[in-house]
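Biologist: I would like a close look at one part of this protein. Please walk me through it in plain terms.

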Amino acid sequence: MADTLEFNEIYQEVKGSMNDGRLRLSRQGVIFKNSKTGKVDNIQASELAEGVWRRVALGHGLKLLTKNGHVYKYDGFRESEFDKLSDFFKAHYCLELAEKDLCVKGWNWGTVRFGGQLLSFDIGEQPVFEIPLSNVSQCTTGKNEVTLEFHQNDDAEVSLMEVRFYVPPTQEDGVDPVEAFAQNVLSKADVIQATGDAICIFRELQCLTPRGRYDIRIYPTFLHLHGKTFDYKIPYTTVLRLFLLPHKDQRQMFFVISLDPPIKQGQTRYHFLILLFSKDEDISLTLNMNEEEVEKRFEGRLTKNMSGSLYEMVSRVMKALVNRKITVPGNFQGHSGAQCITCSYKASSGLLYPLERGFIYVHKPPVHIRFDEISFVNFARGTTTTRSFDFEIETKQGTQYTFSSIEREEYGKLFDFVNAKKLNIKNRGLKEGMKQSYDEYADSDEDQHDAYLERMKEEGKIREENANDSSDGSGEETDSSFNPGEEDDDVAEEFDSNASASSSSGDGDSDREDKKPAKKAKIVKDRKPRKKQPESKKGKDPNAPKRPMSAYMLWLNASREKIKSDHPGISITDLSKKAGELWKAMSKDKKEEWDRKAEDARRDYEKAMKEYSVGSKADSHRGERSKKKKKKQEKQVKGKGDKKGATSKSSSSKSPAKGMSDSFKSKEFVSSDESSSAESKKEDSEDEGAASPAPSSEDSASGSD
């Protein structure tokens, strides 16, 4: 027989609501995990007193009774699973799984039995219905009548709110059956009565949800929030989790209490109670109990007189009374060093805390997402700007949470955290990343994480090489991106148009305009050496030998994998910091070994550079000779074209009729062919290495002809 039995899609009845989850039976006991809240109920095998199998609305159900009176109900079993469960109970728990059917006669009179936390209404030996007394919120009596009121169930569309029992009078003297019935109910009911004095009181605490200032009175079984408008009584049994979270400003603290079921204010439900404290606020606290009672009840977790920060006192008292651990942020640190990330959820801005087993967002509205309910996460581009990104989480139930406006600098830290927790990342683009199983995803995620680190290492090496190549200064970098040759050509064209325009304006203006282009021509001549700079500066040759690494870089490449294995999940920046610390603490003898390796690499580099420079010089000589030959051929062709143009211009100037009509054309009517010929003349003069003198009025007139 197997040592464990597991059942999925099992429903647990808790306070009138059916919560689905997973049930596992083992030698040690029974464990049920709620899929919605993540709460785990653990029943030890030694505590089981009785097991009952019966037919219910959702198929078949299992009712377990413990020796201390607690009752647990699980529904959703198939009829065929009875034999398997019965054999398991006999073998491991030494219990007979009894079959009991409910009475369906429809009678409304019978016998009431109180067993543990259950009120059972029986007809004969068969139960008709059972009421968990923890669901009772109030019990009132009348003449021969007892009325039970129940807590409202928010998860159900229709809730049972009241049941009335008629109790017939008896002939026994001194015993009132109505009062006896009511006392049995009240002894087990979840009725909050502020009887006696509070253990301690915290005055005027700032509460974010529900908003306001509240006095918190601590009672043995419940928490009383007293404000100006509303009062809340919170039983400790409804507290699911406690969180203590530092604010990003490092001056305040959030204390978060997760509640199930939530507290109510009208139609509003508060699943989280969030208190905000200042770290500088201190308090001296005295419990309203004697020292023996404190020691007996809290077993050293609290003392009668305590003092310290206000948030520490509140969290310490709550931890002792609720008997639950306080969850604090894990090892995550953001770009600014804080343990949270500033982001927006829905319409409000808040803080997202990556925890060891989930995410929590505070404060409006508060959201807690466990890792085991996450289907996948997604890193999305910001909708409004590229300086931020969105972090999306989708649960296995299909609910999607989008945390937007996260600073771009937080991406690396958050990505490494998600990788370390082995969460499925949707937008990886790989099939391994789309696996839905949380456990099966672990192996592929480790591989992806290593590939990401390798890619970042390669990018870091490229940046280092670029930084070494650009060591001449920032001035050359700006010159390399700036192309002065094109700008000089534009300036030259502008000078030509100015020269032609000045010639048509008259003799008096031509003298002044002739001087100005001459001065500007000198500027072009001054810029001429700058034109040669980008030509002389060559791009990086891929065949050139690579620069040698320093001793530190050689050591880092050899030790990077060891550092990663010693610190799993470490980010790129933290790895660099850790490597710097290790190198600084290294002894001189070990450093000398890497210095020798760096020196050998430098010698090899110098030798390779000598061989490379000899070959590159020979190639450059051949290239210069071919360039000179091409330039010479181009000049010869251009010289022949200029002679033909000069003869045609002289013949046109001899005809007076044409000269009179064309001499008065403005520069807007100059044809494109003529302007292009002027540009070619200018380029020829620049290629010869000297600036051309300003054209005279006669030349400009002949050009317009």
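Where is the place of Lys-346? And what surrounds that part of the chain?

Modeller: This is a predicted model, so read everything below as computed from it. Lys-346 sits in the loop between strand 25 and strand 26. Its phi is near 60°, a positive value in a residue other than glycine. Lys-346 has 65% relative accessibility. The cut-off for exposed is over 50%, so Lys-346 counts as exposed.

Now the sheet around that loop. Strand 25 and strand 26 belong to an open sheet of 7 strands. The order is 28-27-26-25-31-30-29, and the pairing is antiparallel. Strand 28 (367–370) and strand 29 (374–381) stand at the edges. Each has a single partner strand, so one side of each is left without a neighbour in the sheet. On average, neighbouring strands are turned by 30° against each other, direction ignored.

Look at one edge. Strand 27, residues 358–362, runs antiparallel to strand 28, and 4 bridges join the two. Gly-358 stands opposite Arg-370 in strand 28.

A helix packs on this sheet. Helix 5 covers residues 411–420. Helix 5 touches strand 25 (341–345) and strand 26 (348–354), the two strands that flank the Lys-346 loop. Helix 5 also touches strand 27, strand 29, strand 30 (388–395) and strand 31 (400–407). The direction of helix 5 makes about 160° with that of strand 29.

Next, the nonpolar cores. The largest has 41 residues. Phe-202, Ile-218 and Leu-223 have the most contacts inside it. Helix 4 (residues 310–322) gives the most to this core, with 9 residues. A second, separate core has 25 residues, including Leu-352, Phe-391, Tyr-401 and Val-418. Leu-352 falls in strand 26, and Val-418 in helix 5. Phe-391 belongs to strand 30, and Tyr-401 to strand 31.

Finally, another loop residue to set beside Lys-346. Asn-144 also has a positive phi, of about 55°, although it is not a glycine. Asn-144 is found in the loop between strand 12 (136–142) and strand 13 (145–150). Its relative accessible area is 23%, so Asn-144 is partly exposed. Lys-346, by contrast, counts as exposed.

One more loop has a backbone feature of its own. A cis peptide bond joins Thr-209 and Pro-210, with omega about -10°. Pro-210 lies in the loop between strand 15 (200–209) and strand 16 (212–218).

Definitions and conventions. Residues numbered from 1 in each chain as written. Predicted model: local features only at pLDDT ≥ 70, side-chain atom pairs only at ≥ 80, totals over all residues. Heavy atoms only, no water. Pairing = 2+ DSSP bridges. Helix = DSSP H or I, 4+ residues; strand = E, 2+ residues; numbered from the N terminus. Axes fitted to C-alpha atoms, helices over the stretch in contact; angles between N-to-C directions. Contact = heavy atoms within 4.5 Å. Core = buried A, V, L, I, M, F, W, Y, C linked by side-chain atoms within 4.5 Å. Buried < 20%, exposed > 50% of the residue type's maximum accessible area, 1.4 Å probe, protein only.
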